[in-house]
Amino acid sequence: MEEGLRVSNLKKRFRLRNFTKKLDPDVHNITEPDVNRLALQLTGYFDHFQETRVQIIGTVEYTYLMKMSEEERLQIYKELFKRKLPCIIFSRGQKPEEEMIRLAEEADIPLLGTSQPTGAFMSELIYYLKLELAPCITIHGVLVDVYGVGVLITGESGIGKSEAALELVRRGHRLVADDVVEIRKINEHTLSGTAPEITKHFLELRGIGIIDVKMLFGAESVKEKQNIDLVLKLSEWNQKEEFDRLGLEEEYVEFLGNKVVCQSLPIRPGRNVAVIAEVAAVNHRQKKMGYNAAKELYRRMQANIEKTMKGEE
C-alpha cells in the first residue's frame, strides 16, 4: 500500500458515517495534507483539479447538485469518479443519493459524512492531515514539557538524559518521549515531537531497566505530543572547551529545515540538569516575551562605562 494515512483512521478520528458500505476504508489511502471543496468541478470544469486531495461537499455544493436534472447529475458523477479520489466527505448531515453511492462503489471511492459545519470541519481536518502527513525524522534524545516549553535533551548515550527527564517528571513536568523522538514538521515555524507507539510512556534507567512513567507517576506525568521550542545539548565537561557564559548570541540546530534554539550544557558531578532545564525553559519564555537578561546586563555595563568616562572628564 502507498504510504500515507488510511481513510479508516480519518473515519475513526472524526466519527464519520460510511455511505459506501461495500468499500473497506482501511484499504484506501490519503497522501495529500490538504482538502479541496468541490466547486467548478460540479459544472464540468476539471482543469487543474486537485484530485489527490480529500474532497468536501457542503450545503452550497449539495443544493447546487440537487437543482440539476438527474441526467446532468449522473454525467457529473461519472466525470468525477473517473479520477482516483481518496474519498468524498459530505458535511452538515448531507447524504448522497443512491445513484451516486452506486457509482462511487463501482469506482472504488469511499463516500463519508459528518454533521459538523463545513468551515469548522475543514479547519480541523486540515490541521489533522498536516500533523499526520507531515515530514518526519527520528532522533536519539528525550523530550519533556517543562512549564509549557518543549525541551529536547540530546547528547551521547549514557550522559544522563533519561535521569534528567525522570527528575523533571518528579518535579511535576511531563514526559513526551525517551530515547527515540519522532519529529514532524507541521509548518515553517513549528516542529512537533512524539514518542513511537511501542515506547510511549516508557523510560530507560541504566541499572534499573524500563519503567512505565504513566503507571508510576500518574496520567498527569506524560503528554502525547509537544512542540519543540528548545534543545539542550549535554556534553562531558572539558576545561579546554569554551562554553557560552553570557548568552548574548543564540545558537541553533536544524531539523527538517526548521531552526530551533540550542544551548550546550557541560556536565560534571554535582550539576543538577533538571534544575538547569527548568531555568533554561523559563529563560527561553522570557526571551520570547521580550526580556533578555544577558542583553540587560550588557546594557547596564555599557551605561556604567559611559558614566565612568563622563566622570573622568
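1. The charged end of Arg83 sits over the ring of Phe46, at 4.2 Å from the centre of that ring. A second arginine is placed in a comparable way, since Arg13 lies over the face of Phe14, 4.7 Å from the ring centre. Please keep in mind throughout that this is a predicted model.

2. Phe14 also takes part in ring-to-ring packing, and the structure holds 6 aromatic pairs. In one of them Phe14 and Phe121 meet edge-to-face, with 5.4 Å from centre to centre and 75 degrees between the planes. This pair joins distant parts of the chain, as Phe14 belongs to helix H1 (residues 7-14) and Phe121 to helix H5, with the two positions 107 residues apart. Phe14 counts as buried because its relative accessible area is 6%, under the 20% limit that defines the term, and Phe121, at 0%, is buried as well.

3. Tyr62 and Phe90 form another aromatic pair, again edge-to-face, at 6.4 Å centre to centre and with 85 degrees between the planes. Here too distant parts of the chain are linked, Tyr62 lying in helix H2 (residues 59-66) and Phe90 in strand E6 (residues 88-90), 28 residues apart. Both Tyr62 and Phe90 are buried. As for the rings of the previous point, Phe14 and Phe121 are joined by Tyr128 in one aromatic cluster.

4. Helix H4 (residues 98-107) contributes several buried residues, namely Met100, Ile101, Leu103, Ala104 and Glu105, and a reader may wish to note that a glutamate, Glu105, is in this list. The cover over the buried residues of H4 includes strand E5 (54-57), helix H3 (70-80), E6 and strand E7 (111-113). Just after H4 the backbone at Asp108 adopts a positive phi of about 65 degrees.

5. Which residues does Pro25 touch, leaving out those up to four places away in sequence? They are Arg6, Val7, Ser8, Lys11 and Asn18. Pro25 itself is placed in the loop between strand E2 (17-18) and strand E3 (29-30), and it is a buried residue because its relative accessible area is 12%, where the term requires a value under 20%. The C-alpha atoms of Pro25 and Pro86 are separated by 9.6 Å, although these positions lie 61 residues apart along the chain.

6. Phe202, in strand E14 (residues 202-205), is partly exposed, with a relative accessible area of 34%. Apart from neighbours within four places in sequence, Phe202 is in contact with Leu175, Asp178, Ile210, Ile211 and Asp212. The C-alpha atoms of Phe202 and Lys214, which are 12 residues apart along the chain, are separated by 8.0 Å.

7. The second largest pocket has a volume of about 400 Å³. Its lining is made up of Leu131, Glu132, Glu182, Arg184, Ser192, Thr194, Ala195, Pro196, Glu197, Lys200, Glu224 and Lys225. Helix H5 (118-132), strand E12 (180-185) and strand E13 (191-194) are the elements that give two or more residues to this lining. Sorted by class, the lining of the second largest pocket has 7 charged residues, alongside 3 nonpolar and 2 polar ones. Helix H5 thus appears in two of the points of this note, as the helix that holds Phe121 and as a contributor to the pocket lining.

Notes. Residues numbered from 1 in each chain as written. Predicted model: local features only at pLDDT ≥ 70, side-chain atom pairs only at ≥ 80, totals over all residues. Heavy atoms only, no water. 1 Å grid on protein atoms, 1.4 Å probe; cavity = no way out; pocket = protein on both sides within 12 Å on 5 of 7 lines; lining within 4 Å. Points joined across faces, edges and corners; volume = space filled by probe spheres on them. Helix = DSSP H or I, 4+ residues; strand = E, 2+ residues; numbered from the N terminus. Nonpolar A, V, L, I, M, F, W, Y, C, P; charged D, E, K, R; others polar. Phe/Tyr/Trp six-rings, centres within 6.5 Å; stacked < 30°, edge-to-face > 60°. Buried < 20%, exposed > 50% of the residue type's maximum accessible area, 1.4 Å probe, protein only. Lys NZ or Arg CZ within 6 Å of the ring centre and 35° of its normal. Contact = heavy atoms within 4.5 Å.
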